[in-house]
Every structure is written in C-alpha cells, then in structure tokens.
Amino acid sequence: MNAEPLLIVGILTAVFVGYNIGGSTTGPAFGPAVGANVITKLMAAGLMSVFFFIGAITIGPQVVDTLGNDLVTDTAIFTMRSNVAVLFFIGGALFVGNYAGVPASTSMTAVGAIAALGLATGELDWSVLGEIVVWWIVAPIIGFWVAGVVGRYFYPRINAWVAIEGSTDGEPMISVDRSGAVPRLQFGADGDRREVTGAFVVVGIGCLMGFSSGTSNIANAIAPIYGTGAVDMVTLILIGSVAVTVGCFTIARRTLDTLGNDITNLPLTAAIVVAVISSGIVITLSWIGIPASFVVIATMSIIGLGWGRATRTTTLSDAARGEETRVSVGALTAEEEGERSPKIGEEEPQDIPKASDLFDPSTTARVILMQNVVPMISTVSAFLTFRFVPIFGF
C-alpha cells in the first residue's frame with residue numbers, strides 16, 4: 001500500500017481518536033452542570049466543542065510537539081503504517097471506556113501507545129518519558145494539597161458566597177430561545193439573580209475545563225501523524241477538533257450521565273473548586289509541553305477537598321496535643337450551598353454524612369477500574385504488535 005492511501009487511513013483513524021476524546025472529556029467538564037439541570041446535554045456539547053478548539057489552537061501545539069517529536073529519539077519510526085496502528089490502539093482503548101460510560105485518561109492512553117512504539121523499536125527517549133511520568137505523579141499530589149487547603153480554610157466561605165443550586169423542576173436553568181429571528185438565552189422562571197449568576201459560574205468553569213482539555217488532548221489524536229511531517233499542525237488541529245465535536249454531540253451523552261448523575265452527589269460548589277484547581281494544573285503543564293491527565297488530577301482534588309473539609313472537626317492546636325482528628329470523606333455534603341459553616345473545631349463527625357452519601361460505590365469502582373484498564377489496553381497492545389508482528393518491519 002503506497003503512502004497516500006495510508007495517509008488517508010491515518011487521518012481517518014485520527015478522526016476516530018478525536019471522536020472518542022470528545023466522548024471521554026465532555027463528561028468531566030460539563031457533567032456537574034448537566035446533572036444539576038443547569039444546561040442541556042446539547043448546549044454542553046456545543047460549548048465543549050468551541051472551547052476545546054480554542055485550547056487546541058493556542059496551547060495545544062506544545063503538547064503535540066512533545067508527543068510527535070520528543071518522546072521518541074527518531075521520528076522515522078512514525079511511518080504511516082505504524083501511525084495507523086498507534087492511533088487505532090488509542091482510539092480502540094478509549095472507545096472501550098466510552099462504551100462503558102467511563103471517561104478514561106486520554107493522555108495516559110496516548111502516551112502509552114506512543115511509548116510502546118518507541119520501546120519496541122529501541123527509540124524511546126527515557127528522559128522525556130521520565131519527565132512526563134514524574135509530572136503525572138506530582139500533579140495529582142499538588143491537586144490534593146491545594147484542594148485540601150481550600151477545603152479546610154476557604155470552602156465554607158466559598159460555599160456561603162456562591163449558593164449554587166440546581167434546577168429541581170426538570171427544566172434547565174439556562175436554555176436557548178429560538179422562537180425569534182436571533183436565538184437568545186433564557187433562564188428558569190423561578191431563578192433569582194444570584195442563582196442565575198451561580199449557573200453562569202458553573203457553566204463558565206465547564207468552559208475552562210473544555211479549554212484545558214483542548215490544550216492537552218488534541219495531541220493524543222494528531223501527534224503521530226504530525227510526527228511524519230506529512231500534514232501541517234494547523235490542518236491537523238482543525239481535523240482533530242471537528243472529530244472531537246462529533247464525539248461531543250454523540251457518544252458523550254453516556255459520560256455526561258455517569259459524571260453528572262451516577263458517580264457522586266458532589267455539590268456544585270465543590271465541583272467548581274475541583275474544576276478550577278484541576279484545569280489550572282492541566283493548562284500549566286500543557287504550556288510546558290506535558291500531556292496531563294485531567295481525570296486523575298480531578299479525582300485527587302475531590303479527595304483532597306473532602307479531606308480538608310472533614311478535618312475542620314479538629315483545630316491545629318488540638319492535633320498538636322495528639323487529639324484524634326475525626327474525619328469523614330463525605331464532608332463535602334455537610335452543608336447546603338449558601339449556609340454558613342461552623343468554625344474549625346466546632347463541628348461534630350455525626351454532622352458530616354457518610355462516604356456512601358457522597359459516592360455510589362459500584363459506579364466509583366467501575367470508574368477506577370476502567371481508568372486503569374484503558375491505558376493498559378493501549379500500551380500492551382501497541383507493544384506486542386510492534387515487537388512481534390513482522391509487517392511493521394522494526
């Protein structure tokens with residue numbers, strides 16, 4: 001098969017990867033807003049598509065360059081044949097996660113497949129891989145501690161200020177009125193100015209998360225093709241972003257249900273805090289060319305926020321005297337949005353809900369399992385193929 005048909009197949013495979021990225025990243029970004037009936041799934045898909053593209057075209061090229069040029073010592077291994085295989089493993093693994101309704105780590109899945117190609121051919125740059133892995137370890141720890149500090153010292157104040165509550169009548173708080181010549185936004189009849197402002201805040205945070213996803217995840221779809229030098233960066237970003245858009249409007253409905261309704265009753269205030277922390281870390285890492293896992297960082301931030309909020313039952317002076325720190329991981333549901341919180345040391349553990357009130361155990365277990373299985377499928381399959389299948393000629 002000559003180069004041109006292989007290039008077409010490679011681009012189609014990249015489109016398949018982008019499609020699955022749209023499916024796996026829309027849920028983490030807009031799941032809380034959709035789950036609380038702030039916006040519809042259709043509006044979430046549209047916003048995700050726009051802000052993903054903005055992130056991809058502005059900061060995304062740095063990450064594309066890392067995966068397409070730096071992760072392997074010789075880009076000659078990015079033949080069209082090997083690119084099709086790499087993208088197939090990335091897209092296939094992500095499709096497994098999307099089919100299960102679980103947003104897997106696209107960055108880990110993509111890096112695993114490309115690194116497997118480099119390892120099988122002896123062209124893996126271990127220093128670059130090591131830098132990426134170090135940041136994969138450090139970034140969630142940073143997210144945990146930043147969220148923990150916010151949970152202990154600032155969360156109740158933020159909670160009292162924001163006062164975001166979802167729609168309870170089944171109708172979205174923000175929708176688009178298309179009855180006139182020009183579409184315009186309309187708001188729920190029962191929402192006051194503060195609730196509308198809060199709704200805009202949670203949607204704005206979703207847009208920030210969409211932007212951060214674009215900065216990091218566009219590389220997962222197009223980096224192998226870019227490494228060949230056959231197609232320029234901007235063209236590939238446009239193709240990848242269109243594919244992501246298709247995924248946002250189709251398969252993302254499953255992950256929106258999982259992140260918005262099934263896994264947790266996480267209050268919107270907490271979701272905003274987690275989103276800001278996680279997006280900030282991902283954007284920073286993308287700026288220096290590191291493909292970051294938003295899913296892992298966000299998960300650790302949720303744990304950190306709950307831990308910090310729960311430790312408010314004990315003051316630092318009490319802890320220094322050796323008194324027991326009474327902690328419940330269900331702490332994030334301790335107060336309703338807008339209510340004032342007791343001072344540190346005044347709360348009792350029985351006032352804080354159980355962990356089962358925050359997380360659905362079966363769904364949480366499924367999410368954790370698939371987040372580890374999906375990158376493993378991509379990495380192992382790619383390595384075995386490139387190492388033992390003669391057709392690739394390595």
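# A tour of the predicted model

Start with Ile251, which counts as buried because its relative accessible area is 10%; buried means under 20%, exposed over 50% and partly exposed in between, with a 1.4 Å probe and protein chains only. This is a predicted model, where local features need pLDDT of at least 70, side-chain atom pairs count only at pLDDT 80 or more, and totals for chains, interfaces and linings use all residues. Residues are numbered from 1 along each chain as its sequence is written, and side-chain values use heavy atoms, with hydrogens and water left out.

**Stop 1: Ile251.** Stay on Ile251. Its place is in the loop between α8 and α9 (252-262). Helices are DSSP runs of H or I, at least four residues long, and strands are runs of E, at least two, numbered from the N terminus. Now add Phe95. The C-alpha atoms of Ile251 and Phe95 are 9.3 Å apart, with the two positions 156 residues apart in sequence numbering.

**Stop 2: Ala45.** Select helix α2 (residues 41-58), where Ala45 is placed. Ala45 has 2% relative accessibility, so it counts as buried. Contact means heavy atoms within 4.5 Å. Leaving aside neighbours within four places in sequence, Ala45 is in contact with Cys248 and Phe249. Add Phe30 as well: it is 15 residues from Ala45 in sequence and 8.5 Å from it in space, C-alpha to C-alpha.

**Stop 3: Thr25.** Move to helix α1 (residues 3-35) and pick Thr25. Thr25 counts as buried because its relative accessibility is 10%. A polar atom of its side chain lies 2.8 Å from the backbone oxygen of Ile21. Show Met48, Ser213 and Asn217 too; Thr25 touches these, not counting residues up to four places away in sequence.

**Stop 4: the aromatic rings.** The structure holds 3 aromatic pairs. Rings of Phe, Tyr and Trp (its six-membered ring) pair if their centres lie within 6.5 Å; planes under 30 degrees apart count as stacked, over 60 as edge-to-face and the rest as tilted. Select Phe89 and Phe386: the ring centres are 6.4 Å apart and the planes stand at 90 degrees, so this pair is edge-to-face. The pair links distant parts of the chain, with Phe89 in helix α4 (residues 80-99) and Phe386 in helix α14 (residues 361-388), 297 residues apart. Both Phe89 and Phe386 are buried. Next, take Phe144 and Trp145, an edge-to-face pair at 5.3 Å centre to centre and 90 degrees between the planes. Phe144 counts as buried because its relative accessibility is 16%. Trp145, at 49%, therefore counts as partly exposed. Return to Phe89 and add Phe88: ring pairs link Phe88, Phe89 and Phe386 into a cluster.

**Stop 5: the nonpolar core.** A nonpolar core is a set of buried Ala, Val, Leu, Ile, Met, Phe, Trp, Tyr and Cys residues joined through side-chain atoms within 4.5 Å. The largest has 84 residues, and Val38, Ile39, Leu71 and Leu305 have the most contacts inside it. Highlight helix α7 (residues 193-228), which gives the most to this core, with 12 residues.

**Last stop: confidence.** Colour by pLDDT, the predictor's confidence in each residue, from 0 to 100. The chain mean is 77, and 69% of residues reach 70 or more. Confidence is highest in helix α8 (residues 233-249), at a mean of 94, and lowest in helix α13 (residues 355-358), at 44. Over residues 260-265 the pLDDT is below 50. Residues 352-359 also stay under 50. Where pLDDT is low, the predicted coordinates should not be read in detail.

How values were computed. A polar contact is a pair of N or O atoms within 3.5 Å; within protein, one must be able to donate a hydrogen and the other to accept it, and residues adjacent in sequence count only if both atoms are side-chain atoms.
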